[in-house]
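Reader: I am a first-year student, and I would like a close look at one part of this protein, followed outwards into its surroundings. Please explain each term when you first need it.

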Amino acid sequence: MERTHGKVSVILPTYNERENVAVALWLIDRAFEDLPNRYEVVVVDDASPDGTQEAVRQVQSVLGEEKVILRPRMGKMGLGSAYAHGLAHATGRFVIVMDADLSHHPKYIPDMVRMQEETGCDIVSGTRYAYGGGVYGWGFFRKLTSRVANFLADTMLDPRVSDLTGSFRLYRKECFQALIEKVVSKGYAFQMEVIVHARTMGMSIKEVPIVFVDRLYGKSKLGGSEIVQYLKGLLRLFLTV
């Protein structure tokens, strides 16, 4: 079984994350101090007007261009295509995807890498809903939305994971490439569809508990249209997979 001894690529999609991205990059660097793996962060910025790219370049000048790789795009094109764009520039054997707004703390990266090392699994998913995980800073509506989304997906699709909508994950690079080629959902529904296809393709999935902390700066990208897209994606997967 292939292990994580080797380079890890972190794909970090950004849009208007100037206040968060430098801290996120610094914390990622610190997380890898506890690991033997080399790493790189591929920042995929969708033409943020707030100076996100300049903040990334400032960190790049300190950590080096071999660790921080900026690969901007012309505009907002969706989360799935941002992952695909980052994957095209990733040189690691394994890929970690996470949010840049500090809701996914990089301190869990060593746990994810070690879980893959110990089990040889294809995917390690950070879960808010297993023992040791949790959510901090959400209001009632956001908590209800997440719980209902996971309950509906668990009931209708039987994915056999505790957190289907989480977006903090480690993948074998070739597995993530195969999954991206199959997934058609965008935004909030993307994470759900990835896991469903991973199960149908026989990929092995393990989980590690994480505490999700709501962003301190900036605005959440989750809105009513994302929820509608999620429900449409759920129904499509129920009928077709």
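Author: The part to begin with is the pair H1 and H2, which are roughly parallel to each other (helices, H or I, have at least four residues, strands, E, at least two, both being DSSP runs numbered from the N terminus; angles under 35 degrees count as roughly parallel, over 145 as roughly antiparallel, 65 to 115 as roughly perpendicular and the rest as oblique). The model is a predicted one, in which local features need pLDDT of at least 70 and side-chain atom pairs count only at pLDDT 80 or more, while totals for chains, interfaces and linings use all residues. Residues are numbered from 1 along each chain as its sequence is written, and side-chain values use heavy atoms, with hydrogens and water left out.

Two packed helices are described by the angle between their axes and the distance between the axes. For H1 and helix H2 (residues 52-63), the angle is about 25 degrees and the axes are 8 Å apart (axes are lines fitted to C-alpha atoms, for helices over the stretch in contact, and angles run from 0 to 180 degrees between N-to-C directions). H1 passes H2 in a right-handed crossing, a term used if the near helix is turned clockwise from the far one by less than a right angle, whereas anticlockwise makes it left-handed.

On the H1 side, the residues that meet H2 are Arg 18, Val 21, Ala 22, Leu 25 and Asp 29, and their partners in H2 are Thr 52, Ala 55, Val 56, Val 59 and Leu 63 (contact means heavy atoms within 4.5 Å). Sorted by class, this contact has 7 nonpolar, 1 polar and 2 charged residues (Ala, Val, Leu, Ile, Met, Phe, Trp, Tyr, Cys and Pro count as nonpolar, Asp, Glu, Lys and Arg as charged, and the others, Gly among them, as polar). When you look at the spacing of such residues, it helps to know that an α-helix has 3.6 residues a turn, so residues three or four places apart point the same way.

Another residue of H1 is Val 23, which is partly exposed, with a relative accessible area of 38% (buried means under 20%, exposed over 50% and partly exposed in between, with a 1.4 Å probe and protein chains only). The C-alpha atom of Val 23 is separated by 9.0 Å from that of Ala 100, although the two are 77 residues apart along the chain.

Just ahead of the helix comes Asn 16, placed in the loop between strand S1 (8-14) and helix H1 (18-32). Its phi is near 55 degrees, a positive value in a residue other than glycine, and Asn 16 is partly exposed at a relative accessible area of 29%. This deserves a second glance, because most residues other than glycine have a negative phi.

H1 also has H4 as a neighbour, since the buried residues of H4 pack against H1, S4, strand S5 (123-127), S7 and strand S8 (205-209). Those buried residues are Ile 109, Pro 110, Met 112, Val 113, Met 115 and Gln 116. Ile 109 has a relative accessible area of 0% and is buried, and, leaving aside its neighbours within four places in sequence, Ile 109 is in contact with Ile 28, Ala 31, Phe 32, Leu 35, Ile 96, Met 98 and Phe 168. Between the C-alpha atoms of Ile 109 and Ile 210, which are 101 residues apart along the chain, the separation is 10.0 Å.

The loop between strand S4 (94-97) and helix H4 (109-119) holds Leu 102, a residue with a positive phi of about 75 degrees although it is not a glycine; Leu 102 is partly exposed, with a relative accessible area of 23%. After H4 comes Gly 120, whose phi is positive too, near 70 degrees.

For the wider setting, the secondary structure of the protein chain comes to 8 helices and 9 strands, and 52% of its 241 residues count as buried. Among contacts in the protein chain between residues at least 6 apart in sequence, 81% join residues at least 24 apart.
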